[in-house]
Each structure stands twice: as C-alpha cells, then as structure tokens.
Amino acid sequence: MCGVVGVVGFSPVNQSIYDALTVLQHRGQDAAGIVTIDENDFFRLRKANGLVQDVFQSQHMQRLQGNIGIGHVRYPTAGSSSVSEAQPFYVNAPYGITLAHNGNLTNTAELRNNILKKARRHVNTYSDSEVLLNILASELDKYSVYPLTPDNIFSALEQVNNIIKGAYACVAMIIGHGLIAFRDPHGIRPLVIGKRVINEKQSEYMVASESVALDTLDFEFVRDVEPGEVIYISQDGQFYSKQSTQRLEYRPCIFEYVYFARPDSLMNGISVYQSRILMGQKLGQKIAREWHALDIDVVIPIPETSCDAALEIARILNKPYRQGFVKNRYVGRTFIMPGQTVRRRSVRRKLNANRIEFEGKNVLLVDDSIVRGTTSQEILEMVRSVGAKKIYLASAAPEIRYPNVYGIDMPVANELIAYQRNVEEIAQAIGADKLIYQDLADLVDAVKEGNPKIDKFESSVFDGCYVTGDISDAYLANLQNSRRDITNNAKNQANSKESENLEIYNVGG
C-alpha cells in the first residue's frame, strides 16, 4: 500500500507536496519521493528510503523547483526495501515521463516480457510500477506529434488500461504537457480530486490517495476519480477528463476502511470514521447476542485504528471503555514494516500496557484486524504479564485467510494466522481465552452504508474471490516463489553497505 499525490499550481508546489505526503505517511514508511518540472522543463527529483521528514532536507526542497509535481510514499509489497524501487520513476522518452503508483499489477511477468521484446524497453527493477511507466511511455510514443492533444493522451491511456490488469491509482507527468491521473476500472485503489480557486480565471488542482491531503492544503474536495477514468490537467491549469475504458463493477478495497485510511478521509463517497463506528456497532451487537455469557470487566482498544469501534462496543455492552495502552508515536506501524522479526521486535517499543487498567480484570481487547498474528501474540503476552485474568480479543474484521494481490503486503497464505486454522485454533495460537471475529456480511454493510451505490467490495483477503478474474492457484504459487527470491536478493543487497550508499546518492540527486 502506498500514497500518491499530484499538484498543478501557479506557484511552487514543493512544500504543498511535502505537506501532503506527511499526512499520507501512514500509507507507507519505507521510502518517499517527489519530482517536479522546473521552468526549463527539467525533472527535479529527490527520493530515498525513510520517512518524509528524513528524506527531504532544506537543500533538497530548494532544488525541487516548479509549479507542477507529484509525490509518493511507499512500503514494499514484494519484500524489497531497496531505494532503487522508491518512486516516482521516470523515463526520458518520449518527451520525459514520470509516474507514481499505488496498487499492484497482476500480469507483470507477461508485461515485462512484452516490453522487452516488442517495445525494446528495459526495466531495471522488480517494481511493477516501472513496468507500468514503460507501457505508458510506449503507448504515448505511438503519437508522432508535439504537443500531444488531450485526445492523444486519453487514447494512449485507453490502450494502457486494456493492457494492464490489477489494482492501480496513478499520477504521472509529461514534460511540456501536464499531469495525468488514472484509476483501475474496478476502482480498487482510491484516488480523489481537489480544487483551489486562485481567481476568476485560474484554479489549482490536486489529486491524492485520500481526501485528508486536500483538507490539509485547503483544496476543496471535488470528487473521486471514477474507476477507469483518466484526468489530464495541463501545465496552465486546464482540466480535462474522460472515461477511457469501460467501467467495470465498482469494487473498492474494503481493507482501506478497516485499517489503512485515516479516519478523517472520505473515499468513494464513504467516511472512513463513520464506517469504523458502524463496524463497532455490528461487532458489539454480535458479542451481545452470541457472547453475552463472557464476564467482561472492561473494553480496551489496541490503538489506534480500533478506538472508534471499541467505543461503540463498550457502549452496546454497557461496559467501561478504557485506554489501556500507551503508544510510542515515534515507532512506525508494525503491519507495514518489512520482515517478521522486525515486526515482532517493534511491538514492545511501540506499545506499553498500563498495569492499573489490566491487573485482576477480565479484558475485552479490540483490534481492527488480525493478519499474521505476531503483533496480537506479543500484545496478549504483555497484557498477561501485567496481571490480566482473562483476555478476550475481538477483531473488527473477519478472518484473513487468503493472500492479497492488489497492493497489500499479504501475498503468502501460510504467513497468515488464520490460514488453515479455525477460530479456536487461532485463539490458542495467539494466546486468547476467547476470539471473536466480525462477520463479513456485517463488515460490508457497515462500510457500504456511507454510499449505497457501492454494493460490493474487493474483499479477497476474507473470501478468496479476486475481482480481476485472473488469479489462479498457479499464480499464487508463483507469487510466493517470487516473494522469496526478491526477499533473498534484497537481503544480499543490504549486506553491501557501500553499494547501498552509492545507490542512495545517485537516486537522491
């Protein structure tokens, strides 16, 4: 999962993109990048591993000149944390194109082969985003005109959408033209549009993964980019849009609302905050109905995505709601940290249990979801160590039993705690006295209440149904093997500190 942003303005956009990336930091903490186009039509690029505040120092910001730019925050879905895969990527021909991508293509291997053999383009990383960029460049290269017209751009993107499969929300720039934004035909990954009026004749535009980025910079939320839609904003602020491919069944990713998105964001017409409140109501009603015999003394959320749901559960059960954990806000989210060992080690640095809220009590802990189980196991051990008598754990999401292929770091089934286990076995594995999951139907109802026009969601991690229709057992097996190979390669690269430092210098500019 990543975060993208693009801004077309009439004054320097470097600070605006930086500020937007800071509020999208929750979507990726592995790497960050910004590229702008200066007055001489040169790309100005800075990208490196690390948080936004660490990647961009004053000397970098001063070099990021120009009134149009895009940015990206990344976490790796294939095990590689190499800075060479930080985004945005760029190619020099045609014109000069740069791109940032949130999501995951599902036919990358085929595309990579075709690019080399048919378009004679070399892809230098494992990233499917670089593959996507080269396909876009190849399609734009078929128009031997300068400048490209909006219709040329829309036609090229129509072909791109016909070629690639999977989940994608992208922002791109073409030297001498402007900014492009586009989204997959199912709308799996989010992308929103904002507008800021300068005067009667001029307006600045912004596209971003979440509406919170628009709010931060005083852009008015206009709407979501529609599934299969292409937005083109010229460097002088002219706005164009077209449905470039047939819109398929609208199926946004439901896990965005469970975990990834900020509660103050609005995506696909749905308030993330409201959806989490309703998740708590649904789960609270289930506990009251099916688990009323549990001797619960207190309801405590595992911070912080689950806090809103836990408050509703406590209200419905008529039990005290308490904040039993103190969070170190200077440690990143453990789910998006690369590597099981790092995740496990970071839990104790991230959370500390407040003994007074646990000692001698039967506690209902509430979490947003349980993925690999390592975090849950560590937290439950911590809670027992401070004197809790019984620990019941409730998850606002159903059991995660299947790999994700659309941009979330769950590509291997046997890494998931719920894989080939029933609920009792999962509870035993993580050390819970009782384990209570949300029903999938209730989760869907909780989220879609904000926008009844959306009837279904991309929920493959819960039900194993892949909306793009191209995912087979063989595909998942190949994905697992590729993940292992890439992870091993990344570890080998990390062992060479000198080589890695050189790479950072070259990319960072």
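**Notes on helix packing and a few unusual backbone spots**

1. In this predicted model, a good place to begin is the pair α5 and α6: the axes of α5 and helix α6 (residues 150–163) come within 9 Å and cross at roughly 135 degrees. The two helices are therefore oblique to each other, and α5 passes α6 in a right-handed crossing.

2. Which residues of α5 and α6 meet? From α5 come Ile-135, Leu-136, Glu-139 and Leu-140, and from α6 come Ile-153, Ala-156, Leu-157, Gln-159, Val-160 and Ile-163. Sorted by class, this contact of α5 with α6 has eight nonpolar residues, one polar and one charged.

3. The loop between α5 and α6 is worth a look too, as Pro-147 lies there. The peptide bond leading from Tyr-146 to Pro-147 is cis, with omega near 0 degrees. For context, most peptide bonds are trans.

4. Helix α5 (residues 128–140) also packs with helix α4 (residues 108–119), at an angle of about 40 degrees and with the axes 10 Å apart. α4 and α5 are therefore oblique to each other, and their crossing is left-handed. On the α4 side the contact is made by Thr-108, Leu-111, Arg-112, Ile-115 and Ala-119, and on the α5 side by Asp-128, Val-131, Asn-134, Ile-135 and Ser-138. By class, that gives five nonpolar, three polar and two charged residues. Ile-135 of α5 takes part here, and Ile-135 is also among the residues that meet α6.

5. Further along the chain, helix α14 (residues 423–430) has Ile-426, Ala-427 and Ile-430 as its buried residues. They cover an arc of only 100 degrees around the axis, which puts them on the same side of α14. The face turned away from that buried side carries the exposed residues Glu-424 and Gln-428. Among the elements covering the buried residues of α14 are α13 (374–385), β20 (390–395) and β21 (434–437).

6. A second cis peptide bond to check runs from Pro-303 to Glu-304, with omega near -5 degrees. Glu-304 sits in the loop between β16 (298–301) and α10 (307–317).

7. Finally, two residues with positive phi. Most residues other than glycine have a negative phi. Tyr-95 is not a glycine, yet its phi is about 70 degrees; Tyr-95 is found in the loop between β5 (89–91) and β6 (97–105) and is partly exposed, with a relative accessible area of 23%. Asp-218, also not a glycine, has a positive phi of about 60 degrees. Asp-218 lies in the loop between α7 (211–216) and β11 (220–224) and is exposed, with a relative accessible area of 64%.

Note on methods: Residues are numbered from 1 along each chain as its sequence is written. This is a predicted model: local features need pLDDT of at least 70, side-chain atom pairs count only at pLDDT 80 or more; totals for chains, interfaces and linings use all residues. Side-chain values use heavy atoms; hydrogens and water are left out. Axes are lines fitted to C-alpha atoms, for helices over the stretch in contact, and angles run from 0 to 180 degrees between N-to-C directions. Helices (H or I, at least four residues) and strands (E, at least two) are DSSP runs, numbered from the N terminus. Angles under 35 degrees count as roughly parallel, over 145 as roughly antiparallel, 65 to 115 as roughly perpendicular and the rest as oblique. A crossing is left-handed if the near helix is turned anticlockwise from the far one by less than a right angle, and right-handed if clockwise. Contact means heavy atoms within 4.5 Å. Ala, Val, Leu, Ile, Met, Phe, Trp, Tyr, Cys and Pro count as nonpolar, Asp, Glu, Lys and Arg as charged, and the others, Gly among them, as polar. Buried means under 20% relative accessible area, exposed over 50%, partly exposed in between (1.4 Å probe, protein chains only). The arc is that of the directions from the helix axis to the C-beta atoms.
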